[in-house]
Amino acid sequence: MKNVLITGATGGIGSSILKLFYDNKYNICATGTNIDKLNEIEVNFKRKVKCIPCNFNDDLQIDSLVKQSIEYYGSTDILINNAGITRDNLFLRMKDEDWNDVINVNLTSNFKLTKQILKGMIKSRWGRIINISSDAAKIGNAGQVNYVASKSAIEGLTRTLANEVASRGITVNCVSPGFVDTEILETVDEKTLQNMVERIPLGRMGRIDEIASAVYFLSSEESAYITGQVLHVNGGLTM
């Protein structure tokens, strides 16, 4: 059975990804910053799940994550870079630290973690790397210049890395969700939500399990001839 490392495993999309891989009997390392939710995961998923706290702003914690994952199940076969944060504000009001935090967590930590995990994949000549982008990268959401920049860069990183490692049996792809029904939407007023739905040709928000299914497909043998792609899962929002 393959070993999978899931970052941002305590969020809505991350938890759905974890459940799908768990139900299919993968060995899982799950990471996040919410200790309480990580503890809940270990209680609810007793078999083949190792939870490892990690603050992706801290290089030493990234190193520790890789070390602990190797100790737990050896090398990682499937890496799902799902961790991400937002620090929204209009461009002229955005603080330097808000820019730096988002770029560090959403982009730089992705580079650092993937670089370490990739060594084992190259050695085994098989691997799947799935990065989670966002349709904000294509739309250019106002007030999210840091987030959009980080996700746009992730898509560029994905294409370039895919080109570099394809000959080693490793695929690298992105899943780009549109508007997804997560707990984040609980803070959005009803009128704004309705306006969002009206922009979607399928006429509804996406579900977290639909994002998880796309990630799962890109991790499978059935997707072996797909690499360097951005798969938009958005009900037609950006077609």
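Arg207 has a relative accessibility of 41%, which places this residue in the partly exposed class. The model is predicted, and the description below concerns the salt bridges around this arginine.

Arg207 takes part in two of the contacts listed here. The side chain of Arg207 forms a salt bridge with that of Asp209, at 2.9 Å from N to O. Asp209 is likewise partly exposed, at 33% relative accessibility. Arg207 also meets Glu210 through a salt bridge, with an N to O distance of 3.3 Å. Salt bridges with shared partners thus connect Arg204, Arg207, Asp209 and Glu210 in one network.

Glu210 has a further partner in Arg204, and the N to O distance of that salt bridge is 2.7 Å. The relative accessible area of Glu210 is 21%, so this residue counts as partly exposed, because the buried class requires a value under 20%. Arg204 is partly exposed as well, with 36% relative accessibility.

The pairs of the network are set out below.

| Salt bridge | N to O distance |
|---|---|
| Arg204 and Glu210 | 2.7 Å |
| Arg207 and Asp209 | 2.9 Å |
| Arg207 and Glu210 | 3.3 Å |

Why can such pairs form between side chains of opposite charge? Pairing is possible when their charged atoms come close.

How many salt bridges does the structure hold? The total is six, including the one between Arg204 and Glu210.

Notes: Residues numbered from 1 in each chain as written. Predicted model: local features only at pLDDT ≥ 70, side-chain atom pairs only at ≥ 80, totals over all residues. Heavy atoms only, no water. Salt bridge = Lys/Arg side-chain N within 4 Å of Asp/Glu carboxyl O. Buried < 20%, exposed > 50% of the residue type's maximum accessible area, 1.4 Å probe, protein only.
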